[in-house]
Amino acid sequence: MDKSIAERYREIEDRKNAAAVRSGRAPEDVVLMAVTKTHSADEINQAVSAGATDIGENRVQEMLEKYDKVSPVRWHLIGHLQTNKVKSIIDKVVMIHSVESIRLAREIDKRAGNAGKVMDILIEINSAMEETKSGIAAEDLRALTEEITSECSNVRIRGIMCIPPMAAEPEDARPYFREARMMFEEMKTWDLPAERFCPDTLSMGMSGDFEVAIEEGSTIVRVGSSIFGPRNYR
Ligand SMILES: *Cc1c(COP(=O)(O)O)cnc(C)c1O
């Protein structure tokens, strides 16, 4: 890599801000999350020193290994979460982006209650109904949202997360982002208790397509390889 992580972070931040302004919003209304899977605490700290405030990890174990070595930031869990792992992250993350079942929501509710906190969550939507991806079908969003808000008093639904199918061109993702935005807007019309339901977060957009996602209404983009370089899975 010729450029440093800090330089790359600032470049992505500039592009994120420009896309926000282009879509009629203030730069601070769209959050840049640095996605750090496979990257070391040292690399994460380089991004933090360049201004990163929000860090996304996919795996619980990996996050726990780095947690104490990274300067204080807001951690987000963005990958598939097993119920038996909820306990170990409940006091460490500000938001869980990948809730896709009442079972998981109940476990989060229980553990958040024990920890004396309310956990912010997003419901993950599987836009294209790809078998290899997690997330629920669009038509199940309302039922799951109602089930969670009626049962879980220590959970607050903040919106939705979506990952469109892999695409060759950023523009290919636009229809999926637009659909997620429509679901998000519809969600805002639902009359549910505000302390458990406060839809203000639309988590979409990655390295290849985050500017398109912002144009379509994303409020938090999850960018990994454009900041940290390619991943070496071990
Ligand atoms: C890895 C990952 C990202 C970041 O992907 P890049 O293409 O490297 O930016 C975003 N969201 C989720 C859920 C991921 O697993």
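What volume does the second largest pocket have? Keep that in mind while you turn the structure around, and remember that this is a predicted model. A handy idea to start with: rolling a probe the size of a water molecule over the atoms shows where empty space is left.

Now for the answer: the second largest pocket has a volume of about 200 Å³. To find it, look for Val31, Arg74, Met95, Arg158 and Thr201, which lie nearest its centre among the 14 residues of its lining. Three strands help to build this wall: strand S3 (74-77), strand S4 (93-99) and strand S7 (197-203) each give at least two residues to it. Sort the lining of this second pocket by class and you get 7 charged, 4 nonpolar and 3 polar residues.

Next, move over to the largest pocket. Its volume is about 1000 Å³, and 35 residues line it. Nearest the centre of the largest pocket you'll meet Lys37, Asn58, Ile163, Met206 and Arg231. Here the lining splits into 14 nonpolar, 11 polar and 10 charged residues.

So what takes up the space of the largest pocket? That's where the ligand is. Around the ligand you'll find Val35, Lys37, Asn58, Ile78, Ile163, Met206, Ser207, Arg222, Val223, Gly224, Ser225 and Arg231. By class, this shell has 5 nonpolar, 4 polar and 3 charged residues.

Let's zoom in on a few of those neighbours. Lys37 has a polar side-chain atom 2.7 Å from an oxygen atom of the ligand. Asn58 joins in too, with an N or O atom of its side chain 2.6 Å from a ligand oxygen. Then there's Ser207, where an N or O atom in the side chain is 2.5 Å from an oxygen atom of the ligand. How much of the ligand does the protein bury? On its own the ligand exposes 390 Å², and the protein buries 89% of that.

To retrace the route, find Lys37 and Asn58 once more: both are among the residues nearest the centre of the largest pocket, and both belong to the set surrounding the ligand.

Technical notes. Residues are numbered from 1 along each chain as its sequence is written. This is a predicted model: local features need pLDDT of at least 70, side-chain atom pairs count only at pLDDT 80 or more; totals for chains, interfaces and linings use all residues. Side-chain values use heavy atoms; hydrogens and water are left out. On a 1 Å grid over the protein atoms alone, a cavity is a set of points where a 1.4 Å probe fits but cannot get out, and a pocket is an open set with protein on both sides within 12 Å along at least five of seven lines; lining residues have an atom within 4 Å of a point. Grid points are joined across faces, edges and corners, and a volume is the space filled by probe spheres set on the points. Ala, Val, Leu, Ile, Met, Phe, Trp, Tyr, Cys and Pro count as nonpolar, Asp, Glu, Lys and Arg as charged, and the others, Gly among them, as polar. Helices (H or I, at least four residues) and strands (E, at least two) are DSSP runs, numbered from the N terminus. A residue is near a molecule or strand if one of its heavy atoms lies within 4 Å of it. A polar contact is a pair of N or O atoms within 3.5 Å; within protein, one must be able to donate a hydrogen and the other to accept it, and residues adjacent in sequence count only if both atoms are side-chain atoms. Accessible areas come from the Shrake-Rupley method with a 1.4 Å probe; for residues, only the protein chains shown count as cover. A molecule sits in a cavity or pocket if more than half of its atoms lie within 2 Å of its grid points.
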